[in-house]
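Colleague: Could you take one part of this model and go through it closely for me? I would like the buried charge in the sheet region treated in its surroundings.

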Amino acid sequence: MAAGLAVTAAALVAAGPRETVPREADRARGHPVAEPVRQHRAVQRVSAPVRIADGATVRLLRPGDRVDVIAAEETATGGAAEVVARGARVSKVPEPLDAAGDSGALVVLSVPRSTAARLAGASATARLAVTLC
């Protein structure tokens, strides 16, 4: 009878509540182990108004288009071109102002906050262009 009670107690312990952290022994026996779900921080997107040097190019854009933004420094002094935003979504293409002249055209892009900062910095020192993705 004592042996029966010992076997029953062992069976109850084995069938009792499971640990929440998977053990290596469970992996070895082939039990499925749920990996923890990674929590990704949501990328905060902002609207970034960007002046593109070639106004005619901007007139080709429509809301929803994806573009790469390229900053081209003065090439006569050996400046280089650099992609400052990849796959930015066009949010709005404002109507051009008649008084704008040859100062390019404005486009509003939806980009991550860090990309908006790069765009603002690049627009202060370089001419910006876009390519459709």
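Modeller: What follows goes from the whole chain to the core and then to two charged residues.

This is a predicted model, in which local features need pLDDT of at least 70 and side-chain atom pairs count only at pLDDT 80 or more, while totals for chains, interfaces and linings use all residues. Residues are numbered from 1 along each chain as its sequence is written, and side-chain values use heavy atoms, with hydrogens and water left out.

The protein has four helices and five strands, where helices (H or I, at least four residues) and strands (E, at least two) are DSSP runs numbered from the N terminus, and their order from that end is α-α-β-α-β-β-β-α-β. Of its 133 residues, 24% are buried, a term that stands for under 20% relative accessible area, with exposed meaning over 50% and partly exposed in between (1.4 Å probe, protein chains only).

The largest nonpolar core, a set of buried Ala, Val, Leu, Ile, Met, Phe, Trp, Tyr and Cys residues joined through side-chain atoms within 4.5 Å, holds 23 residues, of which V50, V67, V69, V107, L109, V111 and L119 touch the most other members. At least two residues of this core come from each of β1 (45–52), β2 (66–72), β3 (81–92), β4 (105–112), α4 (113–125) and β5 (127–132). V50, neighbours within four places in sequence aside, is in contact (heavy atoms within 4.5 Å) with A105, L106, V107, L109, L119 and L128.

D68 belongs to strand β2. This residue is buried yet has no salt bridge, and R86, the nearest side chain of opposite charge, is 4.5 Å away; a salt bridge would place a side-chain nitrogen of Lys or Arg within 4 Å of a carboxyl oxygen of Asp or Glu, and in the charge count Lys and Arg are positive, Asp and Glu negative, with His and the chain ends not counted. A polar atom of the D68 side chain does, however, lie 2.8 Å from the backbone nitrogen of G87. Residues up to four places away in sequence not counted, D68 touches V83, A85, R86, G87, A129, V130, T131 and C133.

R89, in strand β3, counts as partly exposed because its relative accessibility is 33%. Its contacts, leaving aside neighbours within four places in sequence, are G64, D65, R66, V108, L109 and S110, and the C-alpha atoms of R89 and P63, 26 residues apart along the chain, are separated by 7.6 Å.

Conventions
A polar contact is a pair of N or O atoms within 3.5 Å; within protein, one must be able to donate a hydrogen and the other to accept it, and residues adjacent in sequence count only if both atoms are side-chain atoms.
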